[in-house]
Amino acid sequence: LGITVGMRDGALTVISPIEGTPADKAGLKELCRPERLLKLAYKFILFDAGVKKIARYQQYFCVKKIMEHIRLRDRDGRRRGGVVWHTQGSGKSLTMVMLAKSIAICSEIPDYKIVLVTDRVALDDQIYTTFHHCGKEVEQAKTGRELSDMLKGNKQRIITTIIDKFEAAVGRHAVRNDDPNIFVLVDEGHRGQYGPRHAKMRRVLPNACYIGFTGTPVMKRDRNTVEKFGGLIDTYTIDRAVADKAVVPLLYEGRHVDQYVNSQDIDTWFERITADLSKEQAVDLKKKFSTTDQLNKAAQKVMAIAWDISVHYRDNWQGTGFKGQLVAQDKATALTYKKYLDGFGMVSSEVLISGPDEREGEEDLYKENKLAVQRFWKETISKYGSEREYNKQVINAFKNAQHPEIIIVVDKLLVGFDAPHNTILYLTRKLKDHTLLQAIARVNRLCDGKEFGYILDYRGVLENLDHALDLYSSLSEFDARDIKDILTDVSVVTRTLPQKHSILWDTFKEVRNRQDEEEYELLLSDEELRAKFYERLSAFSKTLAIALSSVKFLEETEPEKLSRYRTDLKFFSKLRTAVRRRYAEVVDFGEYEPKIQKLLDTHVGTGEVERITPLVNIFDKDAFAREVEKLPNVTAKADTIAHRTARTIHDRMQEDPAFYKRFSELLKAAIAAFREERIKANEYLKKVTEIMNAVLNRTGDHIPDRLQSHDVAKAYFGSIKETLARFDRGDDGFDDPLADAALAIDEVIERNRIVNWTKDIDTQNRMRNEIEDLLFAFKDKEGIEITFEDMDAIMEQCLDVARVRRP
């Protein structure tokens, strides 16, 4: 909202205007209460790997509730624990850091110790890294002995470990610590919080306060157990997180590639998938499928799904920066997917699995499919040196490099894996309950340009027999209200496409000749209507992109209607480019441009619609002249010159306010005269060309000769003259003393200017004092009654110019 907070009448107050809804204003008023603002600054701001972060409201109130909760004691004197459910992607790990900070500075909790417990090495590493990045001194207990030593000693205040280490702490390295000021924070607490593992933690730390954090809803069968541990302390549900834009909503589409392979002849399926290919492409693909007769049904299905995934990613996501995650049913199948994806050559991929002796997914440990996995594992360890380095490099490349575009997993990265660019989950394996909810949440993280996460379900995990999304029967272990709005069927979105298409056309209901592009462009001279057009085109384009990636939509929509959508997309995208140039529009399309450009390249044609590029500046005279020359008529040329000059004036206004303000007003007058039909197109072109040349050559403002070689002093002169315009008698005698004053101010600023002076208040105040002395001397010498307001205006305008021109 762009607010400024400062002191007024001894109190912390919002001192700049607040824009927004009444709810925004009420919220800001509450936020800026002195006690709350100071509390936020003290307890709820942290630096995560150098990035300054402040608590979201759910984190603030959650920590507050927990601190109130742990002050309560049971009959044995133990602090009350409980469970926090904050949906995945909403900042649960940072909430734990903020809680640790609040415990550490609480005067009522002396000699505290905080133990952070997870059930996987990857999660333990993630929690450790988060705390470390936030500047917290944290020790990682990697063995049972290390954990025992840390729990016995007083040196380590914050410890991270995995729950299995308590086995050793109970057994060989028996340890017990009865301190009631130990706080055990269990991440993803639903898995280990309530069972035998929890009992082992209790034996080691019998009086500790246990708080479980989970990103998924509490299952019905666990509710009574949760109550035994203190109950639900706080919830932040999926629908609230989506409404708050803490995570992106998820779209679901069931894909049924398997039905074409299992119930029909493979050649029939082949004809279907090659329908849009050229004859040469189809022949090439046929060669890749030449061994199909020898393949068993399982391999045929993997091949078919791999082809579908390749095409889907290539046509909808490749080149946008967004990535995909493929969940396979076991390690051998994961390698098979990799083989086919590489063979088709459309997308880059990497496999991330555990070693051959560890069971993952649906595989049978004794099944004879281990040879390929063993061979892969041997090559992997030879290449990376260790499993840890293999995990690290593949994950880092997926998160930060262009390739791989798709990461293939079985169990890994389904929990606690945050990669904002991860956008599409290709689900080829049966998952259920918490594992399913955790898996689909891998693609709900916020990222610039990302409006949805996408779940493509190749196993019917969340569907009933008629292929409709059936969330509640698939996740029957959870209360319906807890999983409300977790997924939206893609067909719900695609059904809105005709309406968005009509609304887009409604923008141009005043256009008489639908074939006349100039009429569209002239109508869009209205800035408000232009903004509405951009908004409606964006909504239509985004929905069309979703629709064209959906098999069901393509199968159910008439070819003529599809063609109309594509034709209109091309037309309106070209119109957007044209009006942006014509009216020198500075609209940031950057967030969504890669996805929209992908849509155009795939469904309109590469190069058919010119990409959005930076506008040519009028000071690049030759390039701008060539651009104007290409325009089809006088009006388009005049508009382009007028609005591009206006853009230059806007960008340079602070360099010389008086000069640029004058020509800005002349431009507005010329544009208005043409729109109101008081001047013809040729005269309009002549006027705006003259104004452009005056701006380019800095002519037409009657600068005294002595200032011609002093560019910055010219700006000071303009500011002084504008402020004292009421004393101007219209003769040259008035300008000469103003020029002297401008040169004197230029000398003061140059003499006092030091490195970073724009941030040095003392230097600026010295400049002000000397300029003020000059203006008093000018007042006495010229006998002009300059007021204090005049002096303040001149000083601040000149310093504003200097900040831009003499930084």
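**Exercise 1. A proline and its peptide bond**

In which loop is the place of Pro404? Find it in this predicted model, and then describe the peptide bond that leads from His403 to Pro404.

Solution. Begin with the location: Pro404 sits in the loop between α17 (387-400) and β15 (406-409). Next, turn to the backbone, where the peptide bond from His403 to Pro404 is cis, with omega near 5°. As a background for this step, most peptide bonds are trans.

**Exercise 2. Positive phi outside glycine**

Locate Asp111 and Asn756, and decide for each whether the residue is buried or exposed.

Solution. Start with Asp111, which belongs to the loop between α4 (92-104) and β6 (113-118). Although Asp111 is not a glycine, its phi is positive, at about 50°. The relative accessibility of Asp111 is 55%, and because exposed means over 50%, this residue counts as exposed.

Continue with Asn756, which is found in the loop between α32 (735-752) and α33 (761-782). Asn756, a residue other than glycine, has a positive phi near 60°, and with a relative accessible area of 54% it is exposed. For context, most residues other than glycine have a negative phi.

**Exercise 3. The surroundings of two side chains**

Work out where His86 and Glu253 lie, and name a polar partner of each.

Solution. First take His86, which is part of strand β5 (residues 82-86) and is buried, with a relative accessible area of 2%. The side chains of His86 and Asp234 are joined by a polar contact of 2.7 Å. Leaving out residues up to four places away in sequence, the residues that His86 touches include Gln58, Cys62, Lys92 and Thr214, as well as Asp234 itself.

Then take Glu253, which lies in strand β12 (residues 250-254) and is buried at a relative accessible area of 6%. A polar atom of the Glu253 side chain lies 2.9 Å from the backbone nitrogen of Val551. Among the residues that Glu253 touches, again not counting those up to four places away in sequence, are Ile455, Leu456, Asp457, Ser550 and Val551.

**Exercise 4. Two packed helices**

Determine how α29 and α30 are oriented to each other, and how the residues of their contact divide by character.

Solution. Helix α29 (residues 657-675) and helix α30 (residues 681-697) pack at an angle of about 170°, with their axes 10 Å apart. Since angles over 145 degrees count as roughly antiparallel, the two helices are therefore roughly antiparallel to each other. From α29 the contact draws on residues including Phe659, Phe663, Leu667 and Arg675, and from α30 on residues including Ala681, Lys687, Val688 and Ile691. The residues of this contact divide into 14 nonpolar, no polar and 2 charged.

**Exercise 5. A serine in a loop**

Describe the position of Ser525 and find its contacts beyond its neighbours within four places in sequence.

Solution. The residue is found in the loop between α22 (517-523) and α23 (527-548), and Ser525 is partly exposed, with a relative accessible area of 22%. Setting aside its neighbours within four places in sequence, Ser525 is in contact with Arg530, Tyr583 and Arg675. A separation in sequence can also be set beside one in space: Ser525 and Asp639 are 114 residues apart in sequence and 8.8 Å apart from C-alpha to C-alpha.

**Exercise 6. Cysteines**

State how many disulfides are counted, and whether Cys106 and Cys798 are buried or exposed.

Solution. The count comes to 0 disulfides, where a pair of cysteine sulfur atoms within 2.5 Å would be needed. Cys106 counts as buried at 12% relative accessibility, and Cys798 is buried, with a relative accessible area of 0%.

Conventions: Residues numbered from 1 in each chain as written. Predicted model: local features only at pLDDT ≥ 70, side-chain atom pairs only at ≥ 80, totals over all residues. Heavy atoms only, no water. Buried < 20%, exposed > 50% of the residue type's maximum accessible area, 1.4 Å probe, protein only. Polar contact = N/O pair within 3.5 Å; in protein donor to acceptor, adjacent residues only side chain to side chain. Contact = heavy atoms within 4.5 Å. Axes fitted to C-alpha atoms, helices over the stretch in contact; angles between N-to-C directions. Parallel < 35°, antiparallel > 145°, perpendicular 65-115°, else oblique. Nonpolar A, V, L, I, M, F, W, Y, C, P; charged D, E, K, R; others polar.
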